[in-house]
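Let's take a friendly walk through this fold, beginning with the sheet and ending at the pocket.

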Amino acid sequence: MIESGPAASGEAIFRLDGKVAIVTGASSGLGERFARVLSAAGARVVLVARRLERLEGLAAELDGSVPVACDLGRSEDLELPVQAAIRSHGRVDILVNNAGIERSRPALEETEEVFREVLGVNLVAPFVLAAAVARDMRSRDAPGSIINIASILGIVGVGRPPQASYTASKGGLINLTRELSAQWARYGIRVNAIAPGFFASEMTDQLFSDESGYRWVARHTASNRHGHGHELDGALLFLASEAASSYVTGAVLPVDGGWTSM
Ligand SMILES: NC(=O)c1ccc[n+]([C@@H]2O[C@H](COP(=O)([O-])OP(=O)(O)OC[C@H]3O[C@@H](n4cnc5c(N)ncnc54)[C@H](OP(=O)(O)O)[C@@H]3O)[C@@H](O)[C@H]2O)c1
């Protein structure tokens, strides 16, 4: 029989008061949105990206947030986000591995150097940050949530636009999510992924530069349209909140209007 207990209120279950979150790629697009959403739920957010002036602008708007200039493609920078979180707030409860790059070109023209560059930012950096955050959580014997922003292109191939390195990195990130969840569930550290469909951002500027891009996305999407920024808020808060998803780990949640269901 299911244990009875007081029913949680809808609002309380998604609150993150007192929590410390790191969001990478917070200088634009989805990452900036994620930082705002976590902050609105009560978290103090460490904002990570290369464009410091953008992070400073956002930090001025979000209570308790800290901007950290960091190039996630450089090994020597990878310890900066967790160091900054611990220096300013003493710990990390939530990591959103959101920063990402793509280098759209046909596989036959994609160089090894570019392939390694994309894997460095999209896959190696999330692993190194996740491990650093998990070490902090373990040292305090505290639970935590790691959310990897993957992509539907980590689940399916598309071919056009051609993105071998990007799809490889996101596919790797999805199975890294599952493996880390299996290793760390016993510590109360949950690792999940969100796999967005297509959303308008700097990354998709070119795709959405004219109507044909919107039409192409609509044709492949069961919902017949691209996604809007706010449509990721619920998935993010659900996975970030211990109260909402304490028994959810290793999950890959597509937020794609049904792209991967067809
Ligand atoms: N938009 C979509 O349709 C879509 C769909 C599926 C998945 N995603 C994923 O969502 C995430 C965010 O993408 P977006 O659409 O919001 O694109 P975006 O606006 O281009 O944002 C990318 C972010 O990553 C940061 N970044 C890139 N390289 C970095 C580096 N070397 N070091 C530190 N930060 C770096 C950028 O900041 P700086 O340039 O300031 O460093 C920026 O804040 C990515 O992982 C992307 O793969 C997006």
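What follows covers the sheet, the helices on it and the largest pocket.

This is a predicted model, in which local features need pLDDT of at least 70, side-chain atom pairs count only at pLDDT 80 or more, and totals for chains, interfaces and linings use all residues. Residues are numbered from 1 along each chain as its sequence is written, and side-chain values use heavy atoms, with hydrogens and water left out.

Seven strands form an open sheet in the order β3-β2-β1-β4-β5-β6-β7, with parallel pairing. Strands are DSSP runs of E with at least two residues, helices runs of H or I with at least four, numbered from the N terminus; two strands pair if DSSP finds at least two bridges between them. β3 (66-69) and β7 (252-255) each have a single partner strand, so one side of each lacks a neighbour in the sheet. β6 (residues 189-196) runs parallel to β7 and is joined to β7 by four bridges; isoleucine 194 has leucine 253 in β7 as its bridge partner.

Two helices pack on the sheet, where contact means heavy atoms within 4.5 Å. Angles run from 0 to 180 degrees between N-to-C directions of lines fitted to C-alpha atoms, for helices over the stretch in contact.

| Helix | Strands touched | Angle |
|---|---|---|
| α1 | β1, β2, β4, β5, β6 | about 170° with β1 |
| α4 | β1, β4, β5, β6 | about 180° with β4 |

By class, the lining of the largest pocket has 18 nonpolar, 15 polar and eight charged residues. Here Ala, Val, Leu, Ile, Met, Phe, Trp, Tyr, Cys and Pro count as nonpolar, Asp, Glu, Lys and Arg as charged, and the others, Gly among them, as polar. A pocket is an open set of points on a 1 Å grid over the protein atoms alone, where a 1.4 Å probe fits, with protein on both sides within 12 Å along at least five of seven lines; lining residues have an atom within 4 Å of a point. α1 gives the largest share of this lining, three residues.
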